Protein chains: 4
Amino acid sequence: MGDGHHGNRHGRSEAAREAVLEAADDLLTERGFAGVTVEGIAARAGVAKQTIYRWWPSKVDILLEALGSDLAQHLTPADRGPIAEDLRAHLRALARFLTRSDPGTVLRALVGQAQHDPELAARLRSEQLAPQRERETERLLRAVEAGELPADLDPGSAVDQLVGPVYYRVLVTGEAVLPAFTDALVDGFLRAHGSVEKPS
Amino acid sequence: MGDGHHGNRHGRSEAAREAVLEAADDLLTERGFAGVTVEGIAARAGVAKQTIYRWWPSKVDILLEALGSDLAQHLTPADRGPIAEDLRAHLRALARFLTRSDPGTVLRALVGQAQHDPELAARLRSEQLAPQRERETERLLRAVEAGELPADLDPGSAVDQLVGPVYYRVLVTGEAVLPAFTDALVDGFLRAHGSVEKPS
Amino acid sequence: MGDGHHGNRHGRSEAAREAVLEAADDLLTERGFAGVTVEGIAARAGVAKQTIYRWWPSKVDILLEALGSDLAQHLTPADRGPIAEDLRAHLRALARFLTRSDPGTVLRALVGQAQHDPELAARLRSEQLAPQRERETERLLRAVEAGELPADLDPGSAVDQLVGPVYYRVLVTGEAVLPAFTDALVDGFLRAHGSVEKPS
Amino acid sequence: MGDGHHGNRHGRSEAAREAVLEAADDLLTERGFAGVTVEGIAARAGVAKQTIYRWWPSKVDILLEALGSDLAQHLTPADRGPIAEDLRAHLRALARFLTRSDPGTVLRALVGQAQHDPELAARLRSEQLAPQRERETERLLRAVEAGELPADLDPGSAVDQLVGPVYYRVLVTGEAVLPAFTDALVDGFLRAHGSVEKPS
DNA sequence: AGTTAAGCGAGACGGTACGTCTTGTCTTCAC
DNA sequence: GTGAAGACAAGACGTACCGTCTCGCTTAACT
C-alpha cells in the first residue's frame, strides 16, 4: 500500500484490492493452497482482515477473482488455419497453461478445492469453465460450418474428448503432457470423425 | 469397540483401525472434506486422538487407507467379450463409481486434495491410480494380442483418451456422465484406431 | 459476557477479564487446584482459550491476579488500641482468613504451588507477601515508637515469630488455629520482649 | 535393573522398587515436581508403568515412600545438654534439612502438593509429620521433667512457636534461615517461658 | 521334570488438558 | 464511512501424561 490512503469516503480502495489479489496469488505459488490464509494475505498485502472479509466471502473467492480473465486471455482457440492445426495449438496451449503458468496453478487449486466445496464448484463452472467451454465449442462449430467436421458432431462431447485427457493427466495422473500426446489426441479425434484433413 | 482388547503386545487394535476408517468415510460423505477432522473421527469412532496419530500421519492417510482396494474391486475391466463391449461396460462402471459410490466420493476428495498436497498426490498415484491404470492398459493389450486393436497402439494414451473425458466431466465440469456419453467415447476410440469390430 | 463488546482497539475486554478471574476462583473452591484448568476456566467464563493465553502466561497467574488486593483488605493490622490487642485481633483475622475465606483458599493453593514453581514463588512474594509483611512490620514499628516494644526489636524476626506458627499450623500440621492459640502466641511474644503491657 | 530377575512368585522385585524411588527422587531434584511423571519415572528406572501402578497408587505415594525415615534420621532432637543448646542445634538442623538436603526438597514438594490434595495431606501428617512432632514434644517434656521449663508448658504450642517460624520462612517468604535467626527464636522462647538458663 | 502362577518390561488403548493456530465477527480510531 | 489495528468466541491442531489393559517372558514353588 505504502502511500495509499487509509480509509476515505471515495469507496473501496483499488490499491487494497490489487494488493490482496497479488498477495493471494503469491502465497499460493510459494506455499501452496494450505499456505493461503486470510491472515497471511492480510499481513502480506498490508491490509486489515476486515477489509478482506468486507469484499470477499472467503479466500477461494479471492483466488477466483485473481484468476480473472486469464482463461480467456490464454485459452481462446485460434481461428487462423485448418481445424487440425488450430486444435493442436490449442491443446498445447492448454497443457502449458495448466502445468506451467501461475493462473494455471490457481485454476488447479480451485478445481481441487471445488471437489470439497459444491458452492465453489458452481461458481467456478459458471464464471470460468462454462465460458471457456463456450469458446471451444464455438471453434468446433465454425469448423463444422467450414465443412471440416461432420454436421452431426456433438460439440460438447467433442470438446470433452479433446481436453478431457489433458485435464486428466494434469489433475489425476500427474503425467507430463507433451505435444506428442496432445497432437495424437487431435489426430485420433479427427480420424474418428472422418475429417477430410489428413492427419500428419 | 465393546469386547475388543485395549492395547496389548500384539500391536495395534484391528477394531480401532476399522472404527477409524469407517468414521472417516462416514464423515466425508455426510459433511464433506472439511467435516473430516481428526477430532471428529476420534469422537465418532470412540477412539483416542493419540491412537489415530500413532498410526496415521494425517487425515488424508486415513482416507487413503479407507479407499483400500475399492478401485480394484469396482474397476477391474472385464475380459469376457469383445473389447468394444468390455470397454463400454468399464466406462459405465467408472462413471457410476466416481459419481455415485462412497469410495468414489473418497477418491474424488483425495484427487481434489492432491491438488494442494504433492505428497498426497504421489502416494495416491503410486498406491491407487497406477495399479488401476495397469489394470486398464492390460485389458487393452489383451485386445491387441487378440487382433482387436492395432499392434502399434500406445496403451497409455489410449487409456487417457477413454477415461480422461470421464474424469474431466466428474472433476471439472460436473456434467452428468450418461451411458450415451461413455458409449460414444468407446465408439470414437475404436473408430480412430480402425477396429475390425463394428461399433453399435 | 452478554452485552459486552467483543474486542476493539481499546485493548482487552474488562468483562472477559473479570469472568476469567471469577471462574478460576469458583473452580478452585469447588474442585480444588487440580480442577482449575485453562479449558475449564474458558468454558465456565464463556471465553476463548486464546483470550486467556493472550493475557495470562499460566493458570497460576490467573489465581495470582484473582487474589488481587484481598490480603490488604483483610489483613491490614489495626492501629486502634494497645499493641497487645491489635496483635491479638490481627492473628485471629489471619487464622480466619487462611482457613475459612475464599481468597485464603487461593493463597494456600498458590503457596502450595510455589513449592514446585520458583517463578511463581518469586512473584507471589514480591506482589503479595512482601507488601503484607510490610504492613505488619509497620504496625510493630509504631508500637516501638509508642514505647510499647523495645527499641532494639528486629521487626522482621518479630513478625516471623508471630505469624510463622499460624502459617505452620495451616500449611503443615493442618491443626485448628483457635483464638486461644493465637492469643498465647501474642502473650509469649510480648513476654519475651519485655512489654510493659500486662498480658491478659 | 541389570541382572535383576524379571518377575517370579517370590513377590515384588526389590530392585524395581529401589530404582523407582531413586528415579523419582532424581527427577524431583533435577526437574522439579512437574517433571516427576509416572511415565518419566518408569522410563528412567527401566521399569514398566504397570509395575509402578501395581505398588503405588500415585506419584506422591512414591515420594512419600522415598522420604522414608529421613525425618527421623535427620531431625531427632538431641538430648545431650541443656535444653537451650539442644533446641538451638535442632532448629539449625531443621533449617539445613529443609533448605539444603535432598529429602528436604522432597518434603517441601510434598507439603506443597498437600495444599491441593487433602488425602496426601492426611497421609503426610500421619506418617511423617506427627511422629516428627512427637519427637520434638518429647524433648520438651524431658526438659520440663528436668525443671528447665515450667510444668504448665503446652508442648504442642511450644513446638509450633519454635519450628513454625522456620517453616514459615522456608515455605512462605523464602528468606534465608540463618543460625542467628533460629538462635533468637530459641532465646525468645526461653525468655517467654521463664527459663532458668540465661540466654546467650 | 513339568506345570503353574505371579511379577515383570513393553506398549497400545480411551481419555483429558495442554498451548498454538486460523477463522470470521466486532469495535474503535485515524484519515 | 473506509481502512488499519487488533481483541474476541470458536474450535481443530498435534503433544504429553494419565491410569488401564493385554501380552509373552522369566522364574520359583508345587506338583
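In the predicted model, residues 14-74 of chain A are 77% helix and 0% strand, and the C-alpha atoms at the two ends of this stretch are 25 Å apart. The same residues, 14-74 of chain A, are listed by UniProt, in an unreviewed entry, as "domain: HTH tetR-type".

Turning to the interface of chain C and chain D, 32 residues of chain C are in contact with 33 residues of chain D, and the area buried between these two chains is about 2800 Å², with carbon and sulfur atoms giving 58% of that area. Of the area that chain C buries against chain D, 23% is supplied by C:His116, C:Tyr168 and C:Val172, which is more than any other three residues supply.

Polar and charged groups also take part in this interface, where 14 residue pairs, both members being at pLDDT 80 or more, are in polar contact between chain C and chain D. Four salt bridges are found across the interface of chain C and chain D, and a salt bridge joins C:Arg133 to D:Glu175, with the closest N and O atoms 3.4 Å apart.

On the side of chain C that touches chain D, the elements giving two or more residues are α7 (102-114), α8 (118-145), α9 (155-173) and α10 (179-192) of chain C. The element that gives the most to this side is α9(C), with 14 residues. When the residues on the side of chain C that touches chain D are sorted by class, 14 are nonpolar, eleven are polar and seven are charged.

How values were computed. Residues are numbered from 1 along each chain as its sequence is written. Chains are lettered from A and ligands numbered from 1 in the order in which they are written. This is a predicted model: local features need pLDDT of at least 70, side-chain atom pairs count only at pLDDT 80 or more; totals for chains, interfaces and linings use all residues. Side-chain values use heavy atoms; hydrogens and water are left out. Contact means heavy atoms within 4.5 Å. Buried area is the accessible area (1.4 Å probe) that two parts lose on being put together, summed over both. A salt bridge is a side-chain nitrogen of Lys or Arg within 4 Å of a carboxyl oxygen of Asp or Glu. A polar contact is a pair of N or O atoms within 3.5 Å; within protein, one must be able to donate a hydrogen and the other to accept it, and residues adjacent in sequence count only if both atoms are side-chain atoms. Helices (H or I, at least four residues) and strands (E, at least two) are DSSP runs, numbered from the N terminus. Ala, Val, Leu, Ile, Met, Phe, Trp, Tyr, Cys and Pro count as nonpolar, Asp, Glu, Lys and Arg as charged, and the others, Gly among them, as polar. UniProt positions are given in the numbering used here, feature names are shortened, and annotations may be inferred rather than shown by experiment.
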